[in-house]
Amino acid sequence: MITIRRGFTPLLRLDGRTFLNLSLGTELPVISSKDHRYYTVQTPLGTGKIAKRATQFAFRTARLTPGATLVRLGEEFLDLRYLWGGISAYGFDCSGFVYTLHRSLGICLPRDAQDQIKQGVAVDLANAQLGDLCFFAHNHGNGAVHHVALYAGDGWLLHAPTPGKHVTYLQLASTYLQDELVAVKRNW
């Protein structure tokens, strides 16, 4: 099984023509890896091939923690529009953003924030590390979970906020979300 680790990459026919573009987090079973440049993969459209470089991050990860890798990968989508229900490089909602980033690292998370909060190890905000998930609930943290964001260090969040907005950074202390923080969880 391979995982696409670039925003988009072409799924090619065996003759090199493009079937379609695949997005970050797409997983496909490998038929062969003998070619030094391509994996031969099985898809619902038939047999195809994917460039091996598309299964590697576009940045060096050797010195990064998994959490720092999540944040660095998330930065590649800064200014991407919010898309309700989005789980691809075409657009993300908040939980789809963290779901897809984690999936790209091989970490399984549920799709929605109210289910994501049930996983991982709880940490205090004071001990949060890059890539930890910050969860927010209505009614000053006493209601239903409505948002999730990546902790990006020094009190900053990286998230897909709301319809009409884009993936962006936000300083937690400067927003109403500070009063709605209910949990910080680590899944890596």
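This is a guided tour of a single predicted chain, moving from the overall fold to selected side chains.

**The whole chain**

Begin with the full chain in a cartoon view, where four helices and 15 strands can be traced. Turned along its principal axes, the C-alpha trace spans about 55 × 35 × 25 Å. The chain has a radius of gyration of 18 Å, which agrees with the value near 16 Å that a compact globule of 188 residues would have. If you colour by accessibility, 48% of the 188 residues count as buried, and a surface view shows an accessible area of about 9,600 Å², 50% of which belongs to carbon and sulfur atoms. Among the contacts with a separation of 6 or more, 51% are made by residues 24 or more positions apart.

**Helix 2**

Next select helix 2, residues 94–104. How many of its 11 residues are buried? The number is 10, so this helix is largely enclosed by the rest of the structure. The buried positions include Cys94, Phe97, Tyr99, Leu101 and His102, and Ser104 also belongs to the buried set. Arg103, by contrast, has a relative accessibility of 27% and counts as partly exposed, because buried status requires a value under 20%. Just after the helix, stop at Gly106, whose phi is positive at about 80°.

**From Arg103 to the other salt bridges**

Keep Arg103 selected and add Glu27, since the side chains of these two residues form a salt bridge with an N to O distance of 3.4 Å. This pair links distant parts of the chain, with Arg103 in helix 2 and Glu27 in strand 4 (residues 27–28), 76 residues apart. Glu27 is partly exposed as well, at a relative accessible area of 35%.

The count for the model comes to seven salt bridges, and several others can be visited in turn. Select Arg72 and Glu76, whose side chains meet at 3.7 Å, N to O; Arg72 is partly exposed at 31% relative accessible area, and Glu76 is partly exposed at 32%. Then move to Lys118 and Asp115, where the closest N and O atoms of the salt bridge are 3.6 Å apart. Are the two partners of this bridge buried or exposed? Lys118 is exposed, with a relative accessible area of 64%, whereas Asp115 is partly exposed at 31%. To finish with the charged groups, display Asp93, Arg111 and Asp112 together, as these three residues are linked in a network of salt bridges.

**Aromatic rings**

Now show the side chains of Phe and Tyr, and look for the aromatic pairs, of which the model has four. Phe8 and Tyr90 form an edge-to-face pair, with 4.6 Å from centre to centre and 65° between the planes. Phe8 lies in strand 2 (residues 8–12) and Tyr90 in the loop between strand 8 (87–88) and strand 9 (91–92), so the pair ties together parts that are 82 residues apart in sequence. Phe8 is partly exposed at 38% relative accessibility, and Tyr90 is partly exposed at 46%.

From there, go to Phe57 and Phe59, which form a stacked pair with centres 5.4 Å apart and an angle of 25° between the planes. Both rings belong to buried residues, since the relative accessible area is 16% for Phe57 and 12% for Phe59.

Next select Phe77, Phe92 and Phe97, which ring pairs link into a cluster. Phe97 brings the tour back to helix 2, where this residue is among the buried ones.

**Lysines over tyrosine rings**

For the last stop, select Lys49 with Tyr38, and view the tyrosine ring face on: the charged end of Lys49 sits over the ring of Tyr38, 4.6 Å from its centre. Then select Lys52 with Tyr39, where the charged end of Lys52 sits over the ring of Tyr39, at 5.1 Å from its centre.

Note on methods:
Residues numbered from 1 in each chain as written. Predicted model: local features only at pLDDT ≥ 70, side-chain atom pairs only at ≥ 80, totals over all residues. Heavy atoms only, no water. Salt bridge = Lys/Arg side-chain N within 4 Å of Asp/Glu carboxyl O. Helix = DSSP H or I, 4+ residues; strand = E, 2+ residues; numbered from the N terminus. Buried < 20%, exposed > 50% of the residue type's maximum accessible area, 1.4 Å probe, protein only. Phe/Tyr/Trp six-rings, centres within 6.5 Å; stacked < 30°, edge-to-face > 60°. Lys NZ or Arg CZ within 6 Å of the ring centre and 35° of its normal. Rg over C-alpha atoms; globule rule 2.2 N^0.38 Å. Contact = heavy atoms within 4.5 Å. Areas by Shrake-Rupley, 256 points an atom, 1.4 Å probe, with all protein chains shown as cover.
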